[in-house]
Amino acid sequence: MILNSGKLAWPHTLSPVPEYPVLNQDLDCDVLVVGGGMSGATLSYELTKRKLSTIVIDKRSIGGGSSSANTGLLQFSNDKTLTSMMNTFGEEIGVTFYKLCERAMQKLIDTGSRLNIDPHLIPRSSFYYASHEDDVAMLQEEYENFRRYGFHVDYWDRAKIEQNMPFSKPAALYTHGDAEVNPFRMVHALVEAAARHGAQVFEHTEAVHFDYDENSVTCHTQTHRIRAKKVIYTMGYETQEIKKDRNAVLKVSYAVLTNPVKDLSDWHERCLIWETARPYLYMRTTPDNRIVVGGMDEHPPAPEERDGRALHKSEALLDEVRKLFPRYKELKADYAWASIFGSTHDGLPMIGTYPDYPNSYFIEAYGGNGTVYCMIAADILGDVLTGKDRPELELLSLQRTSKPSPHKPLTLR
């Protein structure tokens, strides 16, 4: 699977990039993590905190897959609103899942402050605006539900928006407790911390075959083997190459990192910005005064159309920024890329076991909130592997019903 194309923004921001050896011997461990992107990095960090002997392998270099194309917006809000979650799954499930995201956000912020490699993780608020007048009622209902269940959010009407922004929109929610991050640095910071606490990390080491037995799994590479009590597949969107999930949706998303902007003073608190339209536009700033803007998701174009589509989309994304911020007339794309982006039909990530893979778990953190989902998965599986019950696994199961009903909610003990 070709995960990314174009000129990626983040790899140039870390020098030197930590390197890890190729597997050169047979090894045993408690947990083998297959994949060194954001989900594998977050998981390995949490596993070593729990004193589990952990091995991480990646067929590329660490952070060399989808994580290097991540745009780095971290939010407790999801592509599927709290109100929509409640309508689909029932009140208890909707609120429980959003609270999981809220706690994961705080844990990401706390974790980022303790890492040796600075991940450029900066707490921010989020500005979620109504793309159309028809979306105002939806935002008002979402605001009421947020307030009812204790989420930190403000409602902005048109006058409030015009007071704080150089553009006008019908309404917006201003949520607190979110953050921006450099995803490439975050992955390497987490893996470095895991390695420092005992994890063994191997790059350019591809798993070619697995043997499953009653109490363990043996992973075979081209030259050696790793025997683990448990295997956790953290392969991102490439998981769909080894098994198909009916709940998974793969598309292509586009992003741009601009040249530095001299004056960002009219960008209120340098908040994260996104909208109610689907597919949605999203944008943020960076510590060196650049703008990250992304969106315009679509079904993957034919290979011969890929470069032309990417060029068209990058120009369209810049135009969208200029519409909101007319003073930024000199914007240009210093970096522009396209990447595979995964989501799910029901709006929840997929975490847990799968038939025919004994002693194994999968993390499929699909959705615009993928990094937050990675922390949720790492926390849940870290607990499960150390003997703690986490009933949320039923909600996030890879085999969950494709027709959820709010009238027959799952029971979370």
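This report walks through selected residues, salt bridges and cysteines of a predicted model.

Residues are numbered from 1 along each chain as its sequence is written. Local features need pLDDT of at least 70, side-chain atom pairs count only at pLDDT 80 or more, totals for chains, interfaces and linings use all residues, and side-chain values use heavy atoms, with hydrogens and water left out.

**Serine 125**

Serine 125 lies in strand β5, residues 122-129. Helices (H or I, at least four residues) and strands (E, at least two) are DSSP runs, numbered from the N terminus. Serine 125 is buried, because its relative accessibility is 12%. Buried means under 20% relative accessible area, exposed over 50%, and partly exposed in between (1.4 Å probe, protein chains only).

Which residues does serine 125 touch, not counting residues up to four places away in sequence? They are Tyr174, Thr175, His176, Glu269, Cys271 and Leu272. Contact here means heavy atoms within 4.5 Å. With histidine 176, serine 125 also shares a side-chain polar contact of 2.9 Å. A polar contact is a pair of N or O atoms within 3.5 Å; within protein, one must be able to donate a hydrogen and the other to accept it, and residues adjacent in sequence count only if both atoms are side-chain atoms.

**Cysteines**

Cysteine 271, one of the residues touched by serine 125, is buried at 0% relative accessibility. A disulfide is a covalent bond between the sulfur atoms of two cysteines. The cut-off used is a pair of cysteine sulfur atoms within 2.5 Å. How many disulfides does a search of the whole structure find? It finds zero. Cysteine 101 is in no disulfide, and the nearest cysteine sulfur, that of cysteine 374, is 12 Å away. Cysteine 101 is buried, at 0% relative accessibility.

**Salt bridges**

The structure holds 30 salt bridges. Each is a side-chain nitrogen of Lys or Arg within 4 Å of a carboxyl oxygen of Asp or Glu. Three of them are listed here, with the distance between the closest N and O atoms.

| Basic residue | Acidic residue | Closest N and O atoms |
|---|---|---|
| Lysine 107 | Glutamate 46 | 3.1 Å |
| Lysine 243 | Aspartate 245 | 2.5 Å |
| Arginine 327 | Aspartate 266 | 3.3 Å |

Glutamate 46 and lysine 107 form a salt bridge. This pair links distant parts of the chain, 61 residues apart: glutamate 46 is in helix α1 (residues 38-49) and lysine 107 in helix α3 (residues 91-112). Glutamate 46 is buried at 1% relative accessibility, while lysine 107 is partly exposed at 21%.

Lysine 243 is buried, with a relative accessible area of 5%. Its partner aspartate 245 is buried too, at 7% relative accessibility.

Arginine 327 pairs with aspartate 266 in a salt bridge. These two also link distant parts of the chain, 61 residues apart: arginine 327 is in the loop between α7 (306-324) and β16 (333-344), aspartate 266 in the loop between β12 (248-258) and β13 (272-275). Arginine 327 is partly exposed at 48% relative accessibility. Aspartate 266 is buried, with a relative accessible area of 16%. Elsewhere, salt bridges that share partners join Glu46, Lys49, Arg50, Lys107, Asp379, Asp383, Arg390 and Glu392 into one network.

**Lysine 59**

Lysine 59 sits in the loop between β3 (54-57) and β4 (73-74). Lysine 59 is partly exposed, with a relative accessible area of 37%. Leaving aside neighbours within four places in sequence, lysine 59 contacts His204, Thr205, Glu206 and Glu238. Glutamate 206 is 147 residues away along the chain, yet its C-alpha atom and that of lysine 59 are separated by 4.3 Å. With glutamate 238, lysine 59 makes a side-chain to side-chain polar contact of 3.3 Å.
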